[in-house]
Amino acid sequence: MALITKKIKGTEDVLPKESYRWQFIEQVMREESKAYGFKEIRTPVFEHTELFARGVGQTTDVVQKEMYTFDTKGGESITLRPEGTAGAARAVLEHALENEGLPIKASYFVSCYRYEKPQAGRLREFHQFGLEEYGTQQPIADAELICAAQSVFDRLGIKQLRLELNSIGCPTCRADYHKALKDYFSQYKDKLCDTCLSRLDKNPMRILDCKSPICSEIAKDAPKITDYLCDECRNHFEDVKKYLDAAGIEYVVNPTIVRGLDYYTKTVFEFVTDCIGAQGTVCGGGRYDGLIEELGGKHLPSLGFAMGLERLLMVMDSQGIEIPDNDVCSLYIATMGEKAKAKAFALLRKVRECNLTAETDVVGRGLRAQMKYADKIGAKYSLVIGDNELEKNSAELKNMETGEKTEMALDDTFAEKFSLISLSDHKSFKI
Ligand code: ATP
Ligand code: MG
């Protein structure tokens, strides 16, 4: 039979046998968010197109080339979110969260949509975890945010991640810098790609972020923003570094990082690895003091980061980091006959109430096939109920790994007793 269709290019399925990996990293992220005082925000998957045009920036790759934008039947232009910050910022403004006290600290898990060329680590639907903080311009907040990302990586056991740090200044220092960049890139007008040519007047800093090999080669010798920072931005940057030093967080200053979105000011950073090929940026973030004003709010200095979950899982794979699978079946009850089936059904209900995974046959297999299935799903214990067992109201619980057997009464005490046995040898993991 031919399938009527397959998944769309650049999208991926997470199958039941692998979802524990996602749940594991998400749990770590939730716990770390909590430790740093962030609470989850959930916003819609689509928004009015102008939110991203303004919030992400007209001159960015994301807005110029990558958005999934379409008109609704009502004639509105809407866009599938390409990132999580704009939606969160819109919600903060719309619900006037600044009135509830500052800073506002929000975490998010989002699916994102970008029309990019699919390749390893680059999808059209991908997932991000992010933190957002609104209402502080203190450098300690920048350092704390970076520290939170570092904590997630540490908890996941990820190594060889390089924290690259830069400051891209504020509109004041950027005026001179833009001029210097424009002068520099104007010499190469005949070599720059068309997109970069169009950016030369509007936003020459974007050229530093161009992925075309020719533009990035030219960009290598471009003036560095760090030579143009105003006193305030320079001091801010020094303080961020001071706090990171105090916490023992290692970084390298990389003056070429400008980040892919327009709204950044002052601190920008990326966590980069060399172990998953060309798409090695696992996390990107920084400060965006002008964003809330850009979206129509009052001045509310803000900062945040987003990490790509697919890339993170790739890094963990490539570093051989084992993710514990907690979904393994604790008990499989095999049955012979209708009465046994009913008995198993009743017992299992109680076992599951103890928060354990337990299964029985639901496809009508014979005893041998049931036991084969129990093996296949890696059940830790099994129990066979037939006429004999029903008669004596007890059965042998078998440890599938050691073969050890324990006689168990099939009465009201069963679930609790099993739960204790299961707990005592459960190799619990700490995450
Ligand atoms: P890149 O330079 O790789 O294009 P970006 O600057 O566009 O990244 P951000 O918008 O900062 O990325 O998104 C934050 C993170 O989301 C990235 O560091 C990456 O881990 C992930 N990410 C971004 N785009 C994709 C994509 N198309 N597929 C998978 N993950 C992505
Ligand atoms: Mg990109």
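## An open sheet of five strands

Five strands are arranged in the order 13-12-14-15-16, forming an open sheet with mixed pairing. Because strand 13 (358-360) and strand 16 (405-409) occupy the edges with a single partner strand each, one side of each has no neighbour in the sheet. On average, neighbouring strands of this sheet are turned by 25° against each other, direction ignored. The model described here is predicted.

As a general principle, strands of a sheet pair through backbone hydrogen bonds, in either a parallel or an antiparallel manner. Which sense applies to strand 12 and strand 14? Strand 12 (residues 331-335) pairs with strand 14 (residues 381-385) in the parallel sense, and the pairing extends over five bridges. Within this arrangement, Ile333 stands opposite Leu383 of strand 14.

## Helices against the sheet

Helix 13 (residues 367-376) lies across strand 12, strand 13 and strand 14. The direction of helix 13 makes an angle of about 170° with strand 12.

Helix 15 (residues 414-425) also packs on the sheet, where helix 15 touches strand 12, strand 14, strand 15 (394-399) and strand 16. Between the directions of helix 15 and strand 16 the angle is about 155°.

## The surroundings of ligand 1

Around ligand 1 there are 15 residues, of which Arg114, Glu116, Arg122, Leu123 and Arg259 come nearest. Sorted by class, this shell consists of five nonpolar, four polar and six charged residues.

Several polar contacts involve oxygen atoms of ligand 1. The side chain of Arg122 has an N or O atom 2.9 Å from an oxygen atom of the ligand, and the side chain of Gln128 has one at 3.0 Å from a ligand oxygen. Thr281 takes part through its backbone, with an N or O atom 3.0 Å from an oxygen atom of ligand 1. On its own, ligand 1 has 580 Å² of accessible area, and the protein covers 92% of this. Strand 6 (125-134), strand 10 (281-287) and strand 11 (302-308) are the elements that give two or more residues to the shell. Strand 10 provides the largest share, three residues.

## Backbone features in two loops

Where does Pro103 lie? Pro103 is placed in the loop between helix 4 (85-94) and strand 5 (104-113). The peptide bond that joins Leu102 and Pro103 is cis, with omega at about -5°.

A second loop, between helix 5 (139-156) and strand 7 (162-167), contains Gln160. This residue is not glycine, yet phi of Gln160 has a positive value, near 50°.

Conventions
Residues numbered from 1 in each chain as written. Chains lettered and ligands numbered in written order. Predicted model: local features only at pLDDT ≥ 70, side-chain atom pairs only at ≥ 80, totals over all residues. Heavy atoms only, no water. Near = heavy atom within 4 Å. Polar contact = N/O pair within 3.5 Å; in protein donor to acceptor, adjacent residues only side chain to side chain. Areas by Shrake-Rupley, 256 points an atom, 1.4 Å probe, with all protein chains shown as cover. Helix = DSSP H or I, 4+ residues; strand = E, 2+ residues; numbered from the N terminus. Nonpolar A, V, L, I, M, F, W, Y, C, P; charged D, E, K, R; others polar. Pairing = 2+ DSSP bridges. Axes fitted to C-alpha atoms, helices over the stretch in contact; angles between N-to-C directions. Contact = heavy atoms within 4.5 Å.
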